[in-house]
Amino acid sequence: MPFTPLHDRVLVRRIEGDAKTSGGLIIPDTAKEKPQEGEIVAVGAGAKDEDGERTAMDVKAGDRILFGKWSGTEIKLDGEDLMIMKESDILGVMA
């Protein structure tokens, strides 16, 4: 997929959660919340500071992240549902 986000944006693939509760009940699709966890597919070069210098990104492709519930813009690339969001929308990187 030849897509590179610009500046301090990242391209994210959502990681789907379990379809069952811990008690074994199956959760229907209509009751599921969209996951707030994802894997970074691509990152931009970083934002520019006041002097025109690039600020390095704190995340990289392959990182597993948590992001806010209303973060990002959903897009479809090559038939796959992905999200573009700013690095500042990322809450943390999972180890």
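In the predicted model, Leu66, Leu91 and Met94 together form a nonpolar patch of about 280 Å² on the surface. Of these residues, Leu66 is located in strand E3. The relative accessibility of Leu66 is 36%, so this residue is classed as partly exposed, a category that lies between the buried limit of under 20% and the exposed limit of over 50%.

The secondary structure of the chain comprises 6 strands and 0 helices, and the order of elements along the sequence is accordingly written β-β-β-β-β-β. Of the 95 residues in the chain, 28% are buried.

A second surface feature is one of charge. Asp49, Glu50, Asp51 and Glu53 are gathered in a negatively charged patch on the surface. Within this group, Asp51 is placed in the loop that connects strand E2 (37-43) with strand E3 (64-67). Asp51 has a relative accessible area of 67% and is therefore exposed, since the exposed class begins over 50%.

An acidic residue in another setting is Glu37, which is placed in strand E2. Glu37 has a relative accessibility of 19% and therefore counts as buried, because the limit for that class is under 20%. The side chain of Glu37 is engaged in a polar contact with the side chain of Arg64, at 2.2 Å. Glu37 is thus a buried residue with a side-chain polar partner in Arg64, whereas Asp51 is an exposed residue that belongs to the negative surface patch.

Conventions:
Residues are numbered from 1 along each chain as its sequence is written. This is a predicted model: local features need pLDDT of at least 70, side-chain atom pairs count only at pLDDT 80 or more; totals for chains, interfaces and linings use all residues. Side-chain values use heavy atoms; hydrogens and water are left out. Patches are made of residues with over 30% relative accessible area and no salt bridge: like charges are joined within 9 Å, nonpolar side chains (Val, Leu, Ile, Met, Phe, Trp, Tyr) within 5 Å. Accessible areas come from the Shrake-Rupley method with a 1.4 Å probe; for residues, only the protein chains shown count as cover. A salt bridge is a side-chain nitrogen of Lys or Arg within 4 Å of a carboxyl oxygen of Asp or Glu. Lys and Arg count as positive and Asp and Glu as negative; His and the chain ends are not counted. The place of a charge is taken as NZ of Lys, CZ of Arg, CG of Asp or CD of Glu. Helices (H or I, at least four residues) and strands (E, at least two) are DSSP runs, numbered from the N terminus. Buried means under 20% relative accessible area, exposed over 50%, partly exposed in between (1.4 Å probe, protein chains only). A polar contact is a pair of N or O atoms within 3.5 Å; within protein, one must be able to donate a hydrogen and the other to accept it, and residues adjacent in sequence count only if both atoms are side-chain atoms.
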